[in-house]
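Here are some notes to go with the model you asked me to look over. I have set them out as numbered points so that you can follow each one on the screen.

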Amino acid sequence: MFRKAAVTTVSNGSYLQGQANGRLPSMDGGQPAQEGKVVLKKKVTLLRGISIIIGTIIGAGIFISPKGILKNTGSVGMSLTVWTACGILSLFGALCYAELGTCIKKSGGHYTYILEAFGPLPAFVRVWVELLIIRPAATAVISLAFGRYILEPFFMQCEIPELAIKLITAVGITLVMVLNSTSVSWSARIQIFLTFCKLVAILIIIVPGVIQLIKGETQHFKNAFAGNDASVMGLPLAFYSGMYAYSGWFYLNFVTEEVENPEKNIPLAICISMIIVTVGYVLTNVAYFTTISAGELLLSKAVAVTFAERLMGNFSLAVPVFVALSCFGSMNGGIFAVSRMFFVASREGHLPEILSMIHVRKHTPLPAVIVLHPLTMIMLFNGDLYSLLNFLSFARWLFIGLVVAGLIYLRYKRPDMPRPFKVPLFIPALFSFTCLFMVALSLYSDPVNTGIGFAITLTGVPAYYLFIVWDKKPKWFRKLLDRVTLTLQILLEVVPSEEDQKS
């Protein structure tokens, strides 16, 4: 089921594959892929990289329910301070990933960096949980928001049937999967368009808000730090909500091998994207408070709709459409990026071999994209999505913290590694501490759900020894898997990457 890499050893914390120098093989190559080669082409430009990051970070939350921070801070002033601080902290994390992406020129994001710093077991556990639960559940949740808001204009006077939402959601998920399976270029172009729509939607909120400020509508900013005092647990929970709102800055690192000139474009795309998102988020919240009081914002079911109804009249009907497009962009960006994690994990021998194969004509990682489809559909129609995400929300920050701690570890373990982009050491130190603090906060505030999530994550350990380490599987079992792989190859028209065959 899980193939072995050509030469696989573990030495000094590095996962080696056919190389004696202790480094992961770079797929950068230094030369452009020839037109006829069956490889993933470098089609992610600077603009496309920016669209992946912005388009994945900005989902439905800023338009519908940006209330987690306000609820836990207790005042307008403190909530805006936390929004700004979380943006800066997220930029620090993104800069750490920029360094990793320029010195380890390999796709896969979290998985690849954990593999390089700490070896195969923690890397396998990361991709195991991502494939089976986190990604299908997260995709289903954002897709449900897409389904709900794309139907909103047709059900203005009544409740939208749940079955209708799920059916439209299933269509949206399938459309995204088909798009990402068919063409990298078209997926990237549509991502640029959807990112443009998100920024337009944010400007539609910010511009009237600025006009309101010019008119002197500042009553909700008077005594901005007065109100309910934040509790000892309130501020950390507010930061938790804020960091979750900014999550997504790491997705460009999942497609490093497909980025043109990664040494230049990865840091640039990350910095530009995080500045745009942080300024956009803070100004959007300022705009809300020019028209809506803190109490009204907490009671509103869809803040952007409430804001638009008060200032724009019938134009508020366009808000659900923009929210639906925003969700579709997050779906597209997430699937585009995460499929590369599965592709790389398969190439390293940690997932079934079929997932590292590429369509012979379209040059897309077709199996790695569509593997999510059945799992997401199961979650959509049968799973308790929000409980699963609550169980495993701590896992995301645990592994991101581990990745950034790995950056510090690699500075000492591999001081001679080429680093075209390098951040001051206090940045990864501060950010890894922030991540581990959030993990501890999860454990303290919700020990039951966090404990269940930790137990689910630990199932990756026996799975690693069963599927990866144990190589005495019955002969009939191996033959069966070989036949299944060959049959899928024929049906899907996929072959191993020519780069893999050389290595």
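1. Let me start with a lysine: Lys 475 belongs to helix H20. This is a predicted model, so please read every value below as computed from that prediction. Lys 475 is exposed, and its relative accessible area is 58%. Together with Arg 478, Lys 479 and Arg 483, Lys 475 makes up a positive patch on the surface.

2. Helix H20 deserves a second look. Trp 476 also sits in this helix, which covers residues 475-492. With a relative accessible area of 60%, Trp 476 counts as exposed because the cut-off for that word is over 50%. Which residues join Trp 476 in a nonpolar surface patch? They are Leu 480, Val 484, Leu 488 and Leu 491, and the patch as a whole has about 530 Å² of accessible area. A reminder that may help when you view the patches: an α-helix has 3.6 residues a turn, so residues three or four places apart point the same way.

3. Just past H20 there is a salt bridge to find. Arg 361 and Glu 493 meet through their side chains, with 3.0 Å from N to O. This pair connects distant parts of the chain, 132 residues apart: Arg 361 is in the loop between S3 and H14, while Glu 493 is in the loop between H20 and strand S4 (494-496). Arg 361 is exposed at 55% relative accessible area, whereas Glu 493 is partly exposed at 34%.

4. The loop that holds Arg 361 has another residue to check. His 363 lies between strand S3 (357-359) and helix H14 (366-370), and its phi is positive, about 60°, although His 363 is not a glycine. For context, most residues other than glycine have a negative phi. Is His 363 buried or exposed? It counts as buried, with 11% relative accessibility.

5. Now for a second salt bridge across the sequence. Arg 340 pairs with Glu 258, and their closest N and O atoms are 2.7 Å apart. Arg 340 belongs to helix H13 (residues 318-347) and Glu 258 to the loop between H9 and H10, so this salt bridge ties together parts that are 82 residues apart in sequence. Arg 340 is buried at 1% relative accessibility, and Glu 258 is likewise buried at 1%.

6. The loop with Glu 258 has its own backbone detail. Asn 261 is placed between helix H9 (234-246) and H10. What is the phi of Asn 261? The value is near 45°, which is positive in a residue other than glycine. Asn 261 is partly exposed, with a relative accessible area of 41%. Gly 248, which follows H9, has a positive phi too, near 130°.

7. The two helices on either side of that loop can be taken together. H9 has 13 residues and spans 19 Å between its first and last C-alpha, close to the 18 Å expected. Among the buried residues of H9 are Pro 236, Tyr 240, Met 243 and Tyr 246. H10 runs over residues 262-291, and its 30 residues reach 43 Å, close to the expected 44 Å. How many residues of H10 are buried? The count is 21 of 30, which leaves this helix mostly covered.

8. A few other charged contacts are worth a look. The structure has 12 salt bridges. One of them joins Glu 130 to Arg 135, with 3.1 Å between the closest N and O atoms, and both of these residues are buried. Glu 99, Arg 411 and Arg 419 are connected in a salt-bridge network.

9. My last point concerns a contact between separate stretches of chain. Val 44 is in the loop between strand S2 (14-17) and helix H1 (46-57). Its relative accessible area is 2%, so Val 44 is buried, the cut-off being under 20%. The C-alpha of Val 44 is 8.3 Å from that of Ser 185, although the two residues are 141 apart along the chain.

Key
Residues numbered from 1 in each chain as written. Predicted model: local features only at pLDDT ≥ 70, side-chain atom pairs only at ≥ 80, totals over all residues. Heavy atoms only, no water. Patch = residues over 30% accessible without salt bridge, like charges linked within 9 Å, V, L, I, M, F, W, Y side chains within 5 Å. Areas by Shrake-Rupley, 256 points an atom, 1.4 Å probe, with all protein chains shown as cover. Salt bridge = Lys/Arg side-chain N within 4 Å of Asp/Glu carboxyl O. Helix = DSSP H or I, 4+ residues; strand = E, 2+ residues; numbered from the N terminus. Buried < 20%, exposed > 50% of the residue type's maximum accessible area, 1.4 Å probe, protein only. Expected span 1.5 Å × (residues − 1). Lys, Arg positive; Asp, Glu negative; His and termini not counted. Charge placed at Lys NZ, Arg CZ, Asp CG, Glu CD.
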